[in-house]
Amino acid sequence: MLEVKDLHAYYGKSHILNGVNFHLEEGEVVSLLGRNGVGRSTTVKSIMGEVPPQGSIRFRGKEIAGLPSHAIARRGLGYVPEDRDIFPTLTVRQNLELGIKNPRKPGKWKVQQMLDMFPNLARRADSPAGVLSGGEKQMLTMCRTLMGDPELMMIDEPTEGLAPLIVKQIGELISDIANAGVSILLVEQKLSIAMDISHRVLVMGHGQIVFEGTPEELRADDAIRKEWLEV
Ligand SMILES: Nc1ncnc2c1ncn2[C@@H]1O[C@H](COP(=O)(O)OP(=O)(O)OP(=O)(O)O)[C@@H](O)[C@H]1O
Ligand SMILES: [Mg+2]
C-alpha cells in the first residue's frame, strides 16, 4: 500500500533523512520507533508532502513524492501531526466537521458516530475545543482526521505527555481504527502501545531504518534496543 524507497530530506543544509526504506501493507499497523531527533516526524512529513522529499514514495502503486499535501490527502492518506492542532475557539463538533473532505460526498465516518464512541467529546460537543484536556485534544485530532476517510493514517506521537490511563485509551482507539479497516503508521518514542498494537515495528537511527521486524523480534533483540532505543 505504501512503499518508501531511498527517501532523503533536508532542512537547509542539514541532511536529516539518509535513505529511508520501508513498506506498509494494507491492513497493517506499523510503528516507527526511535529516539528524539532521529527523523521520525520528518519521515511522515516527507510522505505527506510537508517537507520536500527526494526519492520514491508510492501509495497504492502511484508515485506521490513531490505532490502538494492536499493532493496526497485526497488520495487517502491521513496525517495526525504531533502538535494536536485543534481549533481552540471552534466547538468540538465544528472541529470534527472541518475534517470532512467533501461535504457533498459523505464518508463512512459520521460526526454523531464519533460523539457516540467518545462520551468525553460528546459532553463537550458544543463547547470550544480549547477547554479539552490533552488526551481529549489528541482524540479529537484523530477523529477529525478520520472524518476525511483515510485509507492509511499516519499518527505522530499521540501519547506524548499523557497519563498512563489515557495512553491506554489512545492505544484502544488506534486499534479500533485499524479494526475498521484503516492501515496505520504510528510514530512513537515509547515502546508501550507500539509493542501492543503493531504487526511490525521499524526502528530509526541516524536518518535510516536500522531494524524491521515483529514486536516479538524487537523484544528479543537486546543489542538493537540498547543501541537505538534505550536512553
Ligand atoms: N523545521 C526544522 N528546521 C530545522 N531542523 C529541524 C526542523 N525540524 C526538525 N529539525 C531537526 O531535524 C532532526 C529530526 O527531527 P524530527 O522532528 O524528524 O525528529 P523526531 O524523530 O520526530 O524526534 P522528536 O519528535 O522527538 O523531536 C532533528 O535534529 C531536528 O532538530
Ligand atoms: Mg517528532
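**Figure 1. Strands β7 and β8 run side by side in this predicted model.** The two strands are parallel, and five bridges join β7 to β8. Along this pairing, D156 stands opposite V187, a residue of β8. As general background, the strands of a sheet pair through backbone hydrogen bonds, and the pairing may be either parallel or antiparallel.

**Figure 2. Six strands make up an open sheet.** Read across the sheet, the order of the strands is β6-β7-β8-β3-β9-β10, and the pairing between them is mixed. The edges are formed by β6 and by β10 (residues 208-213), each of which pairs on one side only. Neighbouring strands of this sheet are turned against each other by 20° on average, if direction is ignored. Helix α1 packs on the sheet, where it touches β3, β6, β7, β8 and β9 (residues 200-205), and the direction of α1 makes about 145° with that of β8.

**Figure 3. Helix α7 lies across three strands, β3, β7 and β8.** Relative to β8, the helix runs at about 155°. Helix α7 comprises 16 residues (164-179), which at 1.5 Å a residue should span 22 Å, and this agrees with the 23 Å that separates its end C-alpha atoms. The helix is followed by G181, a residue whose phi is positive, near 100°.

**Figure 4. Helix α7 has a buried side and a face turned away from that side.** The residues V167, I170, G171, L173, I174, I177 and A178 are buried. Because they cover an arc of only 160° around the axis, these residues are on the same side of α7. The face turned away from this buried side carries the exposed residues L165, K168 and N179. The partners against which the buried residues of α7 pack include the strands β3 (29-33), β7 (152-156) and β8 (183-188), and also the helices α4 (111-117), α6 (134-146) and α8 (192-197).

**Figure 5. Two residues, S41 and E82, are the protein donors of the magnesium ion, ligand 2.** S41 contributes its OG atom and E82 an OE atom, and these donors lie 1.9 to 2.7 Å from the ion. The pair links distant parts of the chain, 41 residues apart, since S41 belongs to helix α1 (residues 40-47), whereas E82 is in the loop between β6 (77-80) and α3 (92-98). S41 has a relative accessible area of 13% and is therefore buried, being under the cut-off of 20%. E82, at 32% relative accessibility, counts as partly exposed.

Note on methods. Residues are numbered from 1 along each chain as its sequence is written. Chains are lettered from A and ligands numbered from 1 in the order in which they are written. This is a predicted model: local features need pLDDT of at least 70, side-chain atom pairs count only at pLDDT 80 or more; totals for chains, interfaces and linings use all residues. Side-chain values use heavy atoms; hydrogens and water are left out. Donors are N, O and S atoms within 2.8 Å of the metal (3.2 Å for Na, K and Ca); water is not among the atoms, so sites may look incomplete. Helices (H or I, at least four residues) and strands (E, at least two) are DSSP runs, numbered from the N terminus. Buried means under 20% relative accessible area, exposed over 50%, partly exposed in between (1.4 Å probe, protein chains only). The expected span of a helix is 1.5 Å times one less than its number of residues. The arc is that of the directions from the helix axis to the C-beta atoms. Contact means heavy atoms within 4.5 Å. Two strands pair if DSSP finds at least two bridges between them. Axes are lines fitted to C-alpha atoms, for helices over the stretch in contact, and angles run from 0 to 180 degrees between N-to-C directions.
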